[in-house]
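Dear colleague,

Please find below the structure that I am handing over to you, together with its sequence. My findings follow directly after it.

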Amino acid sequence: MAGAGAGMTPGRPPALFPLFAGLETLPGIGPRAAEAFEQMGVTRPRDLILTLPHSGVRRRPITRLAEAQPPEIVTVTVTVQRHTPPTAKGRPWRVQCSDGVQDLQLVFFHPRRDWIESQLPIVQRRMVSGKIELFDGMAQMVHPDHIAAEGTPAPPEFEPVYPLSGRLTQGVVQKAVAAAMTRLPEVDEWIDPSVLTREGWPAWTEALTRAHAPDGPQGLSPTDPARARLAYDELFAHQMTLALMRRDRRRQAGLQTLGNGALRARVLAGLPWPPTGAQSRAVEEIAADMAAPRRMNRLLQGDVGAGKTLVAFLALLVAVEAGGQGVLMAPTEILARQHFRALEPLAKLAGIRIEVLTGRDKGDARTNILTDLAEGRIDILVGTHAVIQKAVEFNDLRLAIVDEQHRFGVNQRMELGTKGNHLPPDMLVMTATPIPRSLALAQFGDMDLSVLDEKPAGRQPIRTTVISDTRMGEVVDHLARALDGGARAYWVCPLVEESELIDLTAAEARFQELRARFGDEVRLVHGQMPPDERDAAMADFAAGRARILVATTVIEVGVDVPEATIMVIERAESFGLAQLHQLRGRVGRGTGASSCLLMYHEPLSESGRRRLSILRETEDGFRISEEDLAMRGAGDVIGTAQSGLPRFRIADLERQGALMALARKDAQAFLERDPGMESERGRAVRLLLWLMEQDRAIRLVTAG
């Protein structure tokens, strides 16, 4: 990209060339060191300046050995008295030194004779720094970190410690960083001056200098002004990219879809209780987006049981009121058919036609649906990714809704976007996984966000109990009494087959045991079953022909049987917080009081104990997701493989979520003031985008 031609993205600013040169252009970095750095993802001086120390070592300068408090790291000047080479293989080389009163022995394993004698010549005074320890009453220092002539500048009292890989040493990394820092260009400030003043942050060059030479442990904290500023630079560059993508997307013409509210009024009049404030607000936001001349791209995020399905249906009705069609795409056949069953009674209230299409539909039934869809006789289609196949044509598609977006690739979402006749349909993405705000801004920052943070009326609180699996017999007896009273229960097992590595109860084995006690009341579902068998087992449970459903986590999202009031989760400590919260959300959907039993296996780790106690304390999915983020880290919460989460070198999403929100606000305000990025600050922001390798943003700036 650097040498882009006319009409293309202009190249990287020359001021940044020294930072983007090869690592071997730095003094002292040969091919082997470069290879070791590459394992850390460091291939240019630019990567080095953004690799900050992760800890530090305090070195106390002392004038006499008597001041040392072993074991501690000190810097002291001594006189070299004699060398004692090893007497046998594997023995160390010892160097006797003294401060004139007390002796110190320096110990080296496998040193080269010429090196050690040149470093520590007899009767010379040398400054040494390292960990001093007592060995048989004698002070000794094994492999000093620093050896230098008397009068040489001492190492800093607080010395930074960098991450290492391969055969790199702290000395090599520190020298390389110092050399890379000499290449910092003169830059104008890209952060809003008012933000800089309010936060008390230093300028960019000063921030880097301070972050690489902290004067104590506080300089390593994410709240340290220098570090916070550098984290903000990364987050601001990322949010600038998202803001530009969002602006670009908003320039795409969309369909103007104005509903008259008639069908929605019919449905709302027929509901047992009114929608929550959050549901009403979300529907208004969606309807306003659909009425606008640009394409909608909105994320609907709701906690378990917050009523996303109703919001989705009311949004689809806006499309139908305007004379168009809507489609709802779910990741699995079970979910698609379930959405269909949940929406059918609502469609009856509205007096419209809804159909379901999955990969299993064949023959005449499928042909009839495709014909009616293309001719406009079907108002709403629910389905799996079968709805994006070439053969599926709509008469006038206005709104496409994707459920559980993280299970679809971006390409499938784009395929759905091409199903409109002329202009792409409005897009609404739903997720039942409450995402911490900082992650939502990082991952979905190019989308508008609607959040359902209230539970609908009539939702039952769920009593959560934590219990050891040594009391399995009591749990089964309790279950028997509940079944006698007409209850239905889920029993979730972690794995399908016995694994020697992980001592977890297999679903097959548990199913046989429960079947021996409860007979034909028990069904089993797991991921390896043929879809027909799985659907049949689910249908039996939903209809009440079976009262216990033994399952793996295939029931984690979206299974909806209001009559089910008991959830037993075995080996609960082996699940993540978000997963446990999703599983628990399968009960408490009807009018009956519901309970969730989290069974654990001793010994319980500290993090396992913490996860289970958080679940016992709260049903608030957003609070749970913040705790999950703090415990597991960003990549794990979303699942890094498909998360699309940016990789930050300095910013820490777990602990700097507030900075992300600030960066988003600043990026949007800046673009409104300077859309072409032509001002002095605009040019500085362009330099930052190049520095942070936000090439997509640069392309959008030059195109726009």
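I begin with helix α9, whose buried residues are Ala 278, Gln 279, Ala 282, Val 283, Ile 286, Ala 287, Asp 289 and Met 290. They lie on the same side of α9, because the arc they cover around the axis is only 165 degrees. Please bear in mind throughout that this is a predicted model.

The elements that cover these buried residues of α9 include two helices, α8 (262–269) and α10 (308–321). Strands also contribute to that cover, among them β10 (297–302), β14 (397–403), β15 (426–431) and β16 (448–452).

The length of α9 was checked as well. The helix comprises 15 residues (277–291), and at 1.5 Å a residue it should span 21 Å; the C-alpha atoms at its ends are 21 Å apart, so the two values agree.

With regard to the whole protein chain, there are 25 helices and 22 strands. Of its 704 residues, 53% are buried. Among contacts with a separation of 6 or more, 72% are between residues 24 or more positions apart. The chain exposes about 31,400 Å², of which carbon and sulfur atoms supply 51%.

Finally, I draw your attention to Lys 89, which is located in the loop between β3 (72–84) and β4 (93–98). Its relative accessibility is 85%, and Lys 89 therefore counts as exposed, the cut-off for that class being over 50%. Lys 89 and His 110 are 21 residues apart along the chain, and their C-alpha atoms are separated by 9.5 Å.

Yours sincerely

Notes: Residues are numbered from 1 along each chain as its sequence is written. This is a predicted model: local features need pLDDT of at least 70, side-chain atom pairs count only at pLDDT 80 or more; totals for chains, interfaces and linings use all residues. Side-chain values use heavy atoms; hydrogens and water are left out. Helices (H or I, at least four residues) and strands (E, at least two) are DSSP runs, numbered from the N terminus. Buried means under 20% relative accessible area, exposed over 50%, partly exposed in between (1.4 Å probe, protein chains only). Contact means heavy atoms within 4.5 Å. Accessible areas come from the Shrake-Rupley method with a 1.4 Å probe; for residues, only the protein chains shown count as cover. The expected span of a helix is 1.5 Å times one less than its number of residues. The arc is that of the directions from the helix axis to the C-beta atoms.
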